[in-house]
Amino acid sequence: MGTLSRTTGALALAGAGALAWGALVEVHWYALREATVPVLAPGQAPLRVLHVSDLHLTPGQRRKVDWVRDLATTRPHVVVNTGDNWAHLDAMPALLEALEPLLEVPGAFALGSNDYVAPQPKNPARYLQRDARTAQVQPVALPWRELVRRFTSAGWVDLDNHRGVLDVDGRRISLVGTDDAHLDRDRFPAAGGPDDVRSTDVPVDLHMGVTHAPYRRVLDAMLDDGVDLAIAGHTHGGQLGLPFWGALVTNSDLDTRRAKGLHGWPGPRPDRPGGGDSMWLHVSAGLGTSPYAPVRFAVRPEATLLTLVPR
């Protein structure tokens, strides 16, 4: 019994230490990831795409604001924002300050659930369920229409169930996106219409898909649409991971192997054996958490600089 008591005490101590690390250190330990994606046509110059997601910004997060502002020093050609920007009714000034230098760069965005309503207190253990969605009771509506206006007035393309185009660095990027599938707001826009720039005589150098939550139905629709590179957030990389194992959940129907990072969909990466019919998929672990579950373990908060190069 003495040995069992000592073992139980050691496990409890280790658990408390991990929780303290995740809540006091790792949740603020921001990382800039870099990945190379061989997706462009032969002979093209590299194209830098900065992917930011899931800031879940609240007032007073000075260090996060400064860190996001500094991302402009990576000199991206394009910024892609995959939603869940804030988590508080009064976070607009801090969010606009954080994104100010990036809004000077051509960009595109799709909103997430916490762009529409503020998060509410709930049992954090629900996140470990297969479907963590719950009915919200009197949710606090956030001024998302004003956020969209600020983004679009800066020139960013709204891809919430829309198509669009960006002309950057001498290249034309065709865009398609959906609203948040986690809220069942996704309606994939039809191909071939007047807003599908692939129908014009001007050649397209890249067809990119953007969404907040990487549900399989959205990724399958993007694959069928001929997307070369799909970009998503939402998963927080699992938020709580196991060393040498990875994410336990994705808060969607995406498999945990693709909870974060650069992958192929639905099969291996396009540059790997068996990946010839796949598109590229990048999922960001994001930069924040719900203010009611401010902890990460084995999943550092992140933004990613994707360098697109010729195939």
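This report describes the fold, one helix, a surface patch and some salt bridges of a predicted model.

**Ground rules**

Residues are numbered from 1 along each chain as its sequence is written. Because the model is predicted, local features need pLDDT of at least 70 and side-chain atom pairs count only at pLDDT 80 or more, while totals for chains, interfaces and linings use all residues; side-chain values use heavy atoms, leaving out hydrogens and water.

**The whole chain**

The mean pLDDT (the predictor's confidence in each residue, from 0 to 100) is 91. A pLDDT of 70 or more is reached by 89% of the residues. Residues 4–15 are another matter: their pLDDT is below 50. Beyond near neighbours in sequence, this stretch has zero contacts in the model. A contact means heavy atoms within 4.5 Å.

The chain has six helices and 14 strands. Both are DSSP runs, numbered from the N terminus: helices are H or I with at least four residues, strands are E with at least two. Of the 311 residues, 52% are buried. Buried means under 20% relative accessible area, exposed means over 50%, and partly exposed lies in between (1.4 Å probe, protein chains only). Among contacts with a separation of 6 or more, 72% join residues 24 or more positions apart. The chain exposes about 13900 Å², and carbon and sulfur atoms supply 57% of that area (Shrake-Rupley method, 1.4 Å probe).

**Helix H5**

Helix H5 spans residues 144–153. Its residues Leu 147, Val 148 and Phe 151 are buried. They cover an arc of only 100° around the axis, so they sit on the same side of H5. The arc is taken from the directions from the helix axis to the C-beta atoms. Which exposed residues does the face turned away from the buried side carry? They are Arg 145 and Ser 153.

The buried residues of H5 pack against several elements, including strand S3 (78–81), helix H3 (92–99) and helix H4 (113–116). Gly 155 follows H5, and its phi is positive, near 105°.

**A nonpolar patch**

Trp 21, Leu 24, Val 25 and Trp 29 form a nonpolar patch on the surface. Together they have about 400 Å² of accessible area. Such a patch joins nonpolar side chains (Val, Leu, Ile, Met, Phe, Trp, Tyr) within 5 Å, from residues with over 30% relative accessible area and no salt bridge. Trp 21 belongs to helix H1 (residues 2–24). Trp 21 is partly exposed, at 37% relative accessible area.

**Salt bridges**

Side chains of opposite charge can pair when their charged atoms come close. The structure holds 18 salt bridges. Each is a side-chain nitrogen of Lys or Arg within 4 Å of a carboxyl oxygen of Asp or Glu. Three of them are listed here, with relative accessible areas.

| Acid | Base | N to O distance |
|---|---|---|
| Asp 167 (51%) | Arg 172 (18%) | 2.9 Å |
| Asp 186 (12%) | Arg 217 (38%) | 2.8 Å |
| Asp 196 (3%) | Arg 198 (33%) | 3.0 Å |

Look at the pair of Asp 186 and Arg 217. Asp 186 lies in the loop between strand S7 (171–177) and strand S8 (206–210), and Arg 217 lies in helix H6 (residues 216–224), so the pair ties together parts that are 31 residues apart in sequence.

Asp 167 is exposed, whereas its partner Arg 172 is buried. Asp 196 is buried, and Arg 198 is partly exposed. Asp 196 and Arg 198 also belong to a network of salt bridges that links them with Arg 163 and Asp 225.

Methods: Patch = residues over 30% accessible without salt bridge, like charges linked within 9 Å, V, L, I, M, F, W, Y side chains within 5 Å.
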